[in-house]
Amino acid sequence: MSNLNEQMADRYKNNFLKEIEEQAEMGEWVKMCMQCGLCSGSCPTHFHSGWDHPPQEIFMLIRAGKREEVLNSQGMYMCTSCYNCYVRCPRKVPVTHVMHGIAEYAYRIGRAPKAQPTLHLSKTFWTNATKYGRVNEVQLTQSLYFKDGIGSGIKKAMEMQKEALGLVMAGRLNPMEALGMGHKCKDVSGIHKMLAKAEELEAKNKAAKADTAGKE
Ligand code: SF4
Ligand code: SF4
C-alpha cells in the first residue's frame, strides 16, 4: 500500500463511506442512492467485460464498507461520461461526476490499476491538450498507438493509413503536428497560468478537506 493509502485506511478505519464522502469529489452523494439500478441499466457500456461493477454496485459496495473491492475495481474508470445515468437518476445523484471523483481519489492514493487503458487515455489526453491549449491530434494518436511498443504501434499505424490519408486529403489532419506545429491556442502561456492557478486552488481545497477530516 502507498503511504497515502495506508494513512487514509487508518484514518477512516472501517468507515469507507465517510472516507469517500470526505475525500472523493461529489462523494457525499453516494448515500442518496436508493439502489434502483436505473443508472446501471441505462449505461451503454456496462456490458463490457472489463466493467466488473457498474455505478449502482460501486455505491452499494461503498456503503457496505468494501474498501478493497471498490479500490480494486475497474468500474469507475470505465465511465465514458455519456450522462445517461445522470439525467435518469430519480434521486438526482450526479452519477457521472461521482464515478470520476472515486476514480480520481483511487488514483490520488496510488490505488489505480497500472495498465488501466482509460486512465492512460485520460492522462495522455490531458498532457497533450494542456501543452498547446488545443489537442495535437497527430501526437495524441502517436502516444496511443505506441503505448504498447514500437511493433504494435507500427502495426496500428499501417492498419489506419488509409483513414489517415483521407483525413489529410480532406484537410482534417495536419501531418506537421507530428513536429509540434499546427494549430495552437493563441495565448499558450495564459492557458498554462490559468491551469497552474486552478491546480493550486484544488490542492488547497484537498489539503483543507484532509485536514478537517484528520481533526475529527
Ligand atoms: S439511478 Fe440513482 S438512485 Fe438509482 S441506483 Fe443509480 S445512483 Fe442509485
Ligand atoms: S455517464 Fe458513465 S456511468 Fe453513466 S451511463 Fe454513461 S458511461 Fe455509464
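These exercises walk through a predicted model, each with a worked solution.

Residues are numbered from 1 along each chain as its sequence is written, while chains are lettered from A and ligands numbered from 1 in the order in which they are written. Because the model is predicted, local features need pLDDT of at least 70 and side-chain atom pairs count only at pLDDT 80 or more, while totals for chains, interfaces and linings use all residues.

**Exercise 1. The whole chain**

Task: State how many helices and strands the chain has, and what its C-alpha trace spans.

Solution.
- Step 1. Use the DSSP rule: helices are runs of H or I of at least four residues, strands are runs of E of at least two, and both are numbered from the N terminus.
- Step 2. Count the elements. The chain has 12 helices and 0 strands.
- Step 3. Take the principal axes. The C-alpha trace spans about 60 × 40 × 35 Å.
- Step 4. Check burial. A residue is buried if 20 or more other C-beta atoms, placed from the backbone, lie within 10 Å of its own, exposed if 12 or fewer, and partly exposed in between. Of the 216 residues, 22% count as buried.
- Step 5. Look at contacts, meaning pairs whose C-beta atoms, placed from the backbone, lie within 7 Å. Among contacts between residues at least 6 apart in sequence, 60% join residues at least 24 apart.

**Exercise 2. Two helices that cross**

Task: Describe how α8 and α9 cross, and which residues meet.

Solution.
- Step 1. Recall the approach. Two packed helices are described by the angle between their axes and the distance between the axes.
- Step 2. Fit the axes. They are lines through C-alpha atoms, for helices over the stretch in contact, with angles from 0 to 180 degrees between N-to-C directions.
- Step 3. Read the values. The axes of α8 (residues 117-132) and α9 (residues 137-145) come within 10 Å and cross at roughly 150°. That makes α8 roughly antiparallel to α9. The cut-offs are under 35 degrees for roughly parallel, over 145 for roughly antiparallel, 65 to 115 for roughly perpendicular, and oblique for the rest.
- Step 4. Find the residues. L121, T124, F125 and N128 in α8 meet Q139, L140, S143 and L144 in α9.
- Step 5. Sort them by class. Ala, Val, Leu, Ile, Met, Phe, Trp, Tyr, Cys and Pro count as nonpolar, Asp, Glu, Lys and Arg as charged, and the others, Gly among them, as polar. The contact has 4 nonpolar, 4 polar and no charged residues.

**Exercise 3. Around the ligands**

Task: Say which residues come nearest to each ligand, and which helix gives the most to each shell.

Solution.
- Step 1. Set the rule. A residue is near a molecule if its C-beta atom, placed from the backbone, lies within 6 Å of it.
- Step 2. Take ligand 1. Of the 15 residues around it, C33, C36, L38, C39 and C89 come nearest. Helices α3 (38-42) and α4 (55-63) each supply at least two residues. The largest share, 3 residues, comes from α4.
- Step 3. Sort the shell of ligand 1. It has 11 nonpolar, 3 polar and 1 charged residues.
- Step 4. Take ligand 2. It is surrounded by 15 residues, and C43, C79, C82, N84 and C85 are the closest. Two or more residues come from each of α3, α6 (84-88) and α7 (95-108). Helix α7 gives the most, with 3 residues.
- Step 5. Sort the shell of ligand 2. It has 9 nonpolar, 6 polar and no charged residues.

**Exercise 4. Helix α4 and what covers it**

Task: Name the buried residues of α4 and the helices that cover them.

Solution.
- Step 1. List the buried residues. They are P55, Q56, E57, I58, F59 and I62.
- Step 2. Look around them. The cover includes α2, α3, α5, α6 and α7.
- Step 3. Go past the end of the helix. G65 follows α4 and has a positive phi, near 75°.

**Exercise 5. Single residues**

Task: Are Q35, S81, R88 and K204 buried, partly exposed or exposed?

Solution.
- Step 1. Q35 lies in the loop between α2 (16-23) and α3. Q35 is partly exposed, because it has 13 C-beta neighbours inside 10 Å. Its phi is positive, about 60°, although Q35 is not a glycine.
- Step 2. S81 sits in the loop between α5 (67-71) and α6. S81 has 10 other C-beta atoms within 10 Å, so it is exposed. Its phi is also positive, near 60°.
- Step 3. R88 belongs to α6. With 14 C-beta neighbours inside 10 Å, R88 is partly exposed. Beyond its neighbours within four places in sequence, R88 contacts L38, C39 and S42.
- Step 4. K204 is in helix α12 (residues 188-215). K204 has 10 C-beta neighbours inside 10 Å, so it counts as exposed.

Terms used: Two residues are in contact if their C-beta atoms, placed from the backbone, lie within 7 Å.
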